[in-house]
Amino acid sequence: MVKVWIEKLLEEPELYLLRVDDDRIRYFEATWDIPEGITYNAYLMKLKDVVILFDAWKKDYTEEFIEALSSLVDPKEITHIVVHHTEPDHTGALPKLLELNEYKAQIIGTNFAKNLLQGFYGSDVVKNFHVVRDGEEVKIGDRTFRFITVPWLHWPDTMITYVIEDKLIFSCDAGGGYGIPRAIDDSDEEVVKEYLPYVTKYIVTVIGHYHKYIVQNIKKLKSLGIIESVRMILPGHGLIWRRNPVRIFEHYERVGAGIPTKDKVLVLYDSMYGFVEERMKVVIEELRKYNKKPVIYRFTDKEAPAVSDILGEVPDSEALIIGVSTYEADVHPRIRYTLYEILDKANYDKPVLIVGAFGWGGVAGKKIETLISRSKFELVEVVETKGRPTEEDKEKLREAVRRLIQWIS
Ligand SMILES: Cc1cc2nc3c(=O)[nH]c(=O)nc-3n(C[C@H](O)[C@H](O)[C@H](O)COP(=O)(O)O)c2cc1C
């Protein structure tokens, strides 16, 4: 049985969280390996004469959503539905809800959201749609709702809602993360510590392609003066932030900007028969000699880490070292895919060292060199040699690692 949370968050205004813990999902967006699962959060606010729903759940949980919602309100009584972002993990249950609501509720969202909803679910769903512009304020009941667009965080339709009188931010995907936290909010530091790495992984895999917009949009919210005094940040996934609400946006900013954790170096390699691995042992030993802390992911005949986990390690690394074998005159397929995703989702200004091994003609190193030259990463060196590494090859590797360390410092 899937776990559903129905929690009262505030008495005034009367505000509820409706959260479902999706522990059945394996691959978010049919791509990202998330054994940690994810939650979908919707919120319900009851004011005098109006009932406002903020977002919904994924279609798979429509039945549970309607049941949870019905325990708080008759769906027919919902007067407004705010759609912050139309991705179906937040809107899948909407068509059924609107049917039960007899299409009485006014849907509020951006023009982009209206077009997308119509494309996904048909014209009926948008027949009572109120398009809001960036910064528009709408009085609903006795509260004022300001809608602020945050485009490309992570779709063009995305906006957040700021409730002026109560200083609440409904932030949808911004401020969200993977994982199924044991609590609903950030009051327990242990829960927060367990959860934050899943937030980083979520940011990189889901929003990473647009990571410059994270920094840009948070700057925009800061300039509006709504962050420093915010009382609660209520995201569409994961924990609610109310003990220290600013913290989640600070975390997003750090990941967006790629701020490194001191001494962390991401080491990533494939090795089919051990020759790349022999080289990487030399590299790792040299890193440790200089007090660097390598975080190691390897593709071998015994292990294949999730690319989503590797991506989550990039933003706070000081540097990357990639070990690669040449495979059919190309980059080994596992590294090829991983690197493609790193360059797309976690493209940061960080130094990279490439370590290659080949049998009869090294190609992988040169191909990676070309890819890196078109990215934000800076290539320190390609050390690519044949077969089993000689003592001379090993010395070259140690020198390259020292050069990388100098580059970092
Ligand atoms: C399926 C396969 C394809 C390969 N293709 C090439 C190639 O195109 N060019 C080359 O120089 N070596 C090629 N090699 C040899 C490897 O690059 C070489 O053995 C390297 O040292 C492998 O590193 P490892 O021992 O860590 O797996 C290939 C090896 C395998 C198993």
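## The flavodoxin-like stretch

Over residues 265-405 the chain is 43% helix and 29% strand. The C-alpha atoms at the two ends of this stretch are 10 Å apart. UniProt, in an unreviewed entry, places the feature "domain: Flavodoxin-like" at residues 265-405. Please keep in mind as you look around that this is a predicted model.

## Around the ligand

Which residues come nearest to the ligand? They are Met272, Tyr273, Phe275, Val276 and Gly359, out of 18 residues around the ligand. Three elements give two or more residues to this shell: α8 (275-289), β17 (319-327) and β19 (351-358).

If you like to think in terms of chemistry, the shell around the ligand divides by class into nine nonpolar, seven polar and two charged residues.

## Two domains and where they touch

The chain is divided into domain 1, residues 3-257, and domain 2, residues 264-408. Their centres, taken over C-alpha atoms, are separated by 38 Å. The two domains do meet: eleven residues of domain 1 are in contact with ten residues of domain 2.

On the domain 1 side of this meeting, β4 (32-33) and α5 (189-207) are the elements that give two or more residues. With five residues, α5 gives the most to that side. Sorted by class, the side of domain 1 that touches domain 2 has five nonpolar, four polar and two charged residues.

## The seven-stranded sheet

Let us turn to the strands. Seven of them form an open sheet in the order β1-β2-β5-β6-β7-β8-β9, and the pairing is mixed. At its edges are β1 and β9 (129-131), each of which pairs on one side only. On average, and with direction ignored, neighbouring strands of this sheet are turned by 20° against each other.

A walk through some of the pairs shows both senses of pairing. β1 and β2 are antiparallel partners over seven bridges, and they form a hairpin with three residues between them. Within this pair, Leu10 has Leu15 of β2 as its bridge partner. β2 is also joined to strand β5 (residues 38-47), by nine bridges and again in antiparallel fashion; here Val20 stands opposite Tyr40 in β5. In contrast, strand β7 (residues 80-82) and β8 pair in the parallel sense, over three bridges. The bridge partner of Ile81 in β8 is Ile107.

## The five-stranded sheet

Another open sheet has five strands in the order β10-β11-β12-β13-β14, with mixed pairing. Why is one side of β10 and of β14 left without a neighbour in the sheet? β10 (137-140) and β14 (232-235) stand at the edges with a single partner strand each, so one side of each has no neighbour there. Neighbouring strands of this sheet are turned by 25° against each other on average, direction ignored.

β10 and β11 run antiparallel and are joined by four bridges, with Lys139 opposite Thr144 in β11. These two strands form a hairpin with two residues between them, in which Gly141 takes a positive phi near 60°. Moving on, strand β11 (residues 143-149) pairs with strand β12 (residues 159-163) in the antiparallel sense over five bridges. Thr149 has Met159 in β12 as its bridge partner.

## Backbone spots to check

Some backbone details may catch your eye when you go through the torsions. Most residues other than glycine have a negative phi, and most peptide bonds are trans. Glu102, however, has a positive phi, near 55°. This residue is found in the loop between α3 (94-100) and β8 (106-109).

Where are the cis peptide bonds joining Glu12 to Pro13 and Leu153 to His154? In the Glu12 and Pro13 bond, omega is about 0°, and Pro13 is found in the loop between β1 (3-10) and β2 (14-22). In the bond of Leu153 and His154, omega is about 10°, and His154 is found in the loop between β11 and β12. Both loops link strands already met above: β1 and β2 pair over seven bridges, and β11 and β12 over five.

Key:
Residues numbered from 1 in each chain as written. Predicted model: local features only at pLDDT ≥ 70, side-chain atom pairs only at ≥ 80, totals over all residues. Domains from an automatic or database assignment. Contact = placed C-beta atoms within 7 Å. Nonpolar A, V, L, I, M, F, W, Y, C, P; charged D, E, K, R; others polar. Near = placed C-beta within 6 Å. UniProt positions renumbered as here; feature names shortened; annotations may be inferred. Pairing = 2+ DSSP bridges. Axes fitted to C-alpha atoms, helices over the stretch in contact; angles between N-to-C directions.
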